[in-house]
Amino acid sequence: MSEGAEQETIVVIDDDYAMRLSCRKILSKMGFRVEAFEDGGQGLEGVTKLKPSLVVVDLKMPGISGMEVVTRIHEVRPEIVLVVITGYPTIDTAVGAMKCGAYDFLPKPFSPDELRLIVNRGLERRRLMQETRQCEVERALLRRRFITFVSHQLQTPLVAVHQYLDVLKHLDNTESAAKRQEWLDRCLKRTEELQALIKDWLSLARIEGESFSRQWVKADLQRIIAEILCTYKEMAAANGVSLESRIPENTYFVKGDGNCLSVIFDNLIVNAIKYNKPGGMVTISAESLGGEVAIAVADTGVGIPEKYRPFLFEEFFRVEAEGHEKTPGTGLGLSICRRLVTEMGGSISVDSEVNVGSTFRVRLLEYRAQTEEEEKKGAQDDLRSGKDIDCGRRP
Amino acid sequence: MSSNLKILLIDDDKDFRASVKSLLENDGYAVFEADSGREGLRKVVECKPDVIVLDIMMECDVEGYGVNQAIKYQDLYAEYRNIPIVMTSSIELTPDERFPMAGELDMIRPDFYLTKPLDIPKFLDIVHRAAALCPSHGEA
């Protein structure tokens, strides 16, 4: 007898042998393990031992009544779905049963289909409630982690700066001028990093919050990339890195928001420059792939070790080179990229080889010119269905 | 006399180490550094310090407590068990306040606990007191 890992148990409590038999037949055919008991007392013992997901209980039984069974089970194990069956259905008994904790009420005689329907509905509701509970626990954990992370990330640079300044005061000019200058430079650097962190953190918060406007328009990829490359021309030159965009003009248009796209590619291109080698290259190219545009930002840099790849897009994650100080940056860049890309209905991934380089691939929806009619109809449909665009909660 | 006394500074923030190192050296201590729990334990064996100033290092999964536990409880480090540990953190709650129900609390409680940024006179005083706790040199 094969027993699936997830096989659920249903307990049937009814003094009528024929009823127990037919329930058992119907329910085991659905894939459940079924145990049947002929009275309330045995039934309660069975429930305690077997821990079923659902119990079918007849109201009118000698000894402990069905209502009593319902009340007792609901008191101790409220997560068990209780279905009450009876040959004497009245509104009063129905209401009474619900008040005691029953999920639903099935008058006898009932068809196999009716039983199946109620059982499926009841168990679905149970699953949803379990999921909700789990989500709430996860949410509390995430919130705590968020608070700790943020307070730590924000505190650390401030502490370093404060300590430098306080020690300088305490040592009162006994340190060399060169050392003092060095420390003051470090204070400035840490303060700048902190400001960058706060800026990124706010961006991330804005993406998740309602204040983010989701007007997807036609965006010219080539123009956006060209602007970014212009911004970083000097920085790249200082790092000995050459920048090249292979995206032809007027060819690739995506459905998105200009500012968001700037942020995404800004992050990717800056990374490609930072993590590069002197004499290295950053190349941006694009191609059309079945309704999407795939953009590749490739560098000839240090690459990303395999073991870090699953965490690359996590908040605050930064790849650390062994034995070196932590790499600069807020650790939020890729996390922001991923959120924005996902918001626009796209996806992001990375290919990399250590010491050879990395290529970040972003796929976005290709902009398709709609006729005015189609756009109007689309807007009306959205209004009618009360459609609300969810933000950032994709798995 | 602070001379000849060795302090091991374990902290993953290089700026924090730089300023505190100068501070301690100015007070006559010889200062050794480590930027992680793992390196810290290596340096304990290598330098045999008189005091350990240890950061909680939350970024590395509270590595600081790991060092504390290793020094005070693992047989491997039995020889260094009596080195006083001054733990630093930007969190104001002491381990007892943060983990009141933890069974391992005894294992992770440091000898001294200070919040960052360090109050300099208080810090120097605690390091001085910690150094006085350490068994004197000359014993095998």
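**Group meeting talk: a sheet, its helices and a chain contact**

Hi everyone, let me start with helix 9 of chain A, residues 258-274, which lies across strand 9, strand 10 and strand 12 of chain A. Against strand 10 of chain A, helix 9 runs at about 25 degrees. Please keep in mind that this is a predicted model.

So what is the sheet underneath? It is an open sheet of five strands in chain A, and the strand order is 7-9-10-12-11 with mixed pairing. At the edges you find strand 7 (242-245) and strand 11 (347-353) of chain A. Each of these two has a single partner strand, so one side of each is left without a neighbour in the sheet. On average, and ignoring direction, neighbouring strands here are turned by 15 degrees against each other.

If you zoom in on one edge, strand 11 of chain A pairs with strand 12 (residues 357-365) of chain A in the antiparallel sense, over seven bridges. To find your place on the screen, look for A:Asp351: its bridge partner in strand 12 of chain A is A:Thr359.

Another helix packs on this sheet too: helix 7 of chain A, residues 221-231. Helix 7 touches strand 7, strand 9 (281-289) and strand 10 (292-299) of chain A. Its direction makes about 170 degrees with that of strand 7 of chain A.

Now let's move to a pair of helices. Helix 2 (residues 40-50) and helix 3 (residues 66-76) of chain A pack with their axes 10 Å apart, at an angle of about 20 degrees. Angles under 35 degrees count as roughly parallel, and that makes helix 2 of chain A roughly parallel to helix 3 of chain A. The crossing of these two helices is right-handed.

Which residues meet there? From helix 2 of chain A come A:Gly40, A:Gly43, A:Leu44 and A:Val47, and from helix 3 of chain A come A:Glu68, A:Val69, A:Arg72 and A:Ile73. By type, the residues of this contact divide into four nonpolar, two polar and two charged.

Last stop, the other chain. How many residues are involved where chain A is in contact with chain B? On chain A there are 18, and on chain B there are 15. The elements of chain A that give two or more residues to this side are helix 5 (112-171) and helix 6 (177-208). Helix 5 of chain A gives the most, with twelve residues. For those of you thinking about chemistry, the chain A side divides into six nonpolar, seven polar and five charged residues.

That's my tour, thanks for listening!

Technical notes
Residues are numbered from 1 along each chain as its sequence is written. Chains are lettered from A and ligands numbered from 1 in the order in which they are written. This is a predicted model: local features need pLDDT of at least 70, side-chain atom pairs count only at pLDDT 80 or more; totals for chains, interfaces and linings use all residues. Two residues are in contact if their C-beta atoms, placed from the backbone, lie within 7 Å. Helices (H or I, at least four residues) and strands (E, at least two) are DSSP runs, numbered from the N terminus. Ala, Val, Leu, Ile, Met, Phe, Trp, Tyr, Cys and Pro count as nonpolar, Asp, Glu, Lys and Arg as charged, and the others, Gly among them, as polar. Axes are lines fitted to C-alpha atoms, for helices over the stretch in contact, and angles run from 0 to 180 degrees between N-to-C directions. Angles under 35 degrees count as roughly parallel, over 145 as roughly antiparallel, 65 to 115 as roughly perpendicular and the rest as oblique. A crossing is left-handed if the near helix is turned anticlockwise from the far one by less than a right angle, and right-handed if clockwise. Two strands pair if DSSP finds at least two bridges between them.
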